[in-house]
Structures are given as structure tokens and as C-alpha cells.
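User: I'd like to learn how to read a structure feature by feature. Can you walk me through this one?

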Amino acid sequence: MKINLLSCDAQRPDRRAIANCMVEISINIQESLANELTDILLEGDAVEIEVKDKDSGSALRALRKLAIDYEIVE
């Protein structure tokens, strides 16, 4: 399943927690790429990631916990 991460509404976003979440839920993202994508997301641009289908429910909960707005692409 592909997800667009649209923005982060947290008052003080935790860059490390967001990057770690991306590494954990995504199929093909390593730590260095997750850090770059986190910076892009926090600058206000959307980021697309691919999530493991069987873990999609917990992935979406993790994103909501970090105050990340998302939309499901497929």
C-alpha cells in the first residue's frame, strides 16, 4: 500500500521518531533516506512511502500518533 505523507501538525515534531517510524513501517526505506524524507516532510512537501500491507493498520496508528497527516494512494 502506498501512502502520501502530507504534513506534520505536531507543535514540536520529533525528527528522530518520524524517521524511525518511516524505517519501521516502510518496505524499502533505510535510515539515511528516512532522515532526508523527514526533512522534506517537515519543510512542507509531501512524501510518498510504501507500507507493508499486513502492517498497514499499525503503520497508520503510528503516523497519527506522530501527528502526521496522510492519504492512502493504493
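**Cysteines, a helix and a sheet**

Analyst: Let's begin with the cysteines: the sulfur of Cys-8 has its closest cysteine sulfur in Cys-21, 11 Å away, and that is too far for a bond. Keep in mind that this is a predicted model.

User: What is a disulfide, in general terms? And how many disulfides does the structure hold?

Analyst: It's a covalent bond between the sulfur atoms of two cysteines. Here the count is 0. A pair would need its sulfur atoms within 2.5 Å, and from the side of Cys-21 the closest cysteine sulfur, in Cys-8, is 11 Å off.

User: Are those two cysteines buried or exposed?

Analyst: Cys-8 is buried, with a relative accessible area of 16%. Cys-21 is buried as well, at 8%. The cut-off for "buried" is under 20%.

User: Cys-21 belongs to helix H1, residues 15–25. How do I read the sides of a helix?

Analyst: The general idea is that an α-helix has 3.6 residues a turn, so residues three or four places apart point the same way. Now for the case here: the buried residues of H1 are Ile-18, Ala-19, Cys-21, Met-22 and Ile-25. Because they cover an arc of only 155° around the axis, they end up on the same side of H1.

User: Which residues are exposed on the other side of H1?

Analyst: Arg-16 and Glu-24.

User: What covers the buried residues of H1?

Analyst: The cover includes three strands, S1 (2–8), S2 (47–50) and S3 (68–72), along with helices H2 (31–43) and H3 (56–65).

User: What happens at the start of H1?

Analyst: Look at Asp-14 there: one of its side-chain oxygens comes to within 3.2 Å of the backbone nitrogen of Arg-16.

User: Past the other end of the helix I get to Ser-26. What should I look for in a loop residue?

Analyst: Check where it sits, how covered it is and what it touches. Ser-26 is in the loop between H1 and H2, and it is buried, with a relative accessible area of 3%. Its side chain reaches the backbone nitrogen of Asn-28 at 3.4 Å. Not counting residues up to four places away in sequence, Ser-26 touches Glu-50 and Lys-52.

User: On to the strands. In what order do they form the sheet?

Analyst: Read across the sheet rather than along the chain. The order is S2-S1-S3, in an open sheet of 3 strands with antiparallel pairing. S2 and S3 each have a single partner strand and stand at the edges, so one side of each has no neighbour in the sheet. Direction ignored, neighbouring strands are turned by 35° against each other on average.

User: How many bridges join S1 to S2?

Analyst: There are 4, and the two strands run antiparallel. To locate one on screen, find Leu-5 and look across to Val-47, its bridge partner in S2.

User: And on the S3 side, which residue is worth a look?

Analyst: Try Tyr-70, in strand S3. Tyr-70 is partly exposed, with a relative accessible area of 22%. Leaving aside neighbours within four places in sequence, its contacts are Ile-3, Asn-4, Leu-5, Leu-6, Leu-60, Leu-63 and Arg-64. With Arg-64 there is a polar contact from side chain to side chain, at 2.8 Å. Sequence separation and distance in space are two separate readings: Tyr-70 and Ile-49 are 21 residues apart in sequence and 10 Å apart in space, C-alpha to C-alpha.

User: What about a pair involving helix H3?

Analyst: Take Ser-58, which has its place in H3. Its C-alpha atom is 21 Å from that of Leu-33, with their positions 25 residues apart along the chain. Ser-58 is partly exposed, at 38%. Ser-56 is in H3 too, but is buried, with a relative accessible area of 18%. Beyond neighbours within four places in sequence, Ser-56 is in contact with Met-1 and Val-51.

User: Last one: how do I read a backbone angle such as phi?

Analyst: As a general rule, most residues other than glycine have a negative phi. Ala-67 has a positive phi of about 60° although it is not a glycine.

User: Where is the place of Ala-67?

Analyst: In the loop between H3 and S3. Ala-67 is partly exposed, with a relative accessible area of 25%.

Key: Residues are numbered from 1 along each chain as its sequence is written. This is a predicted model: local features need pLDDT of at least 70, side-chain atom pairs count only at pLDDT 80 or more; totals for chains, interfaces and linings use all residues. Side-chain values use heavy atoms; hydrogens and water are left out. Buried means under 20% relative accessible area, exposed over 50%, partly exposed in between (1.4 Å probe, protein chains only). The arc is that of the directions from the helix axis to the C-beta atoms. Contact means heavy atoms within 4.5 Å. A polar contact is a pair of N or O atoms within 3.5 Å; within protein, one must be able to donate a hydrogen and the other to accept it, and residues adjacent in sequence count only if both atoms are side-chain atoms. Two strands pair if DSSP finds at least two bridges between them. Axes are lines fitted to C-alpha atoms, for helices over the stretch in contact, and angles run from 0 to 180 degrees between N-to-C directions.
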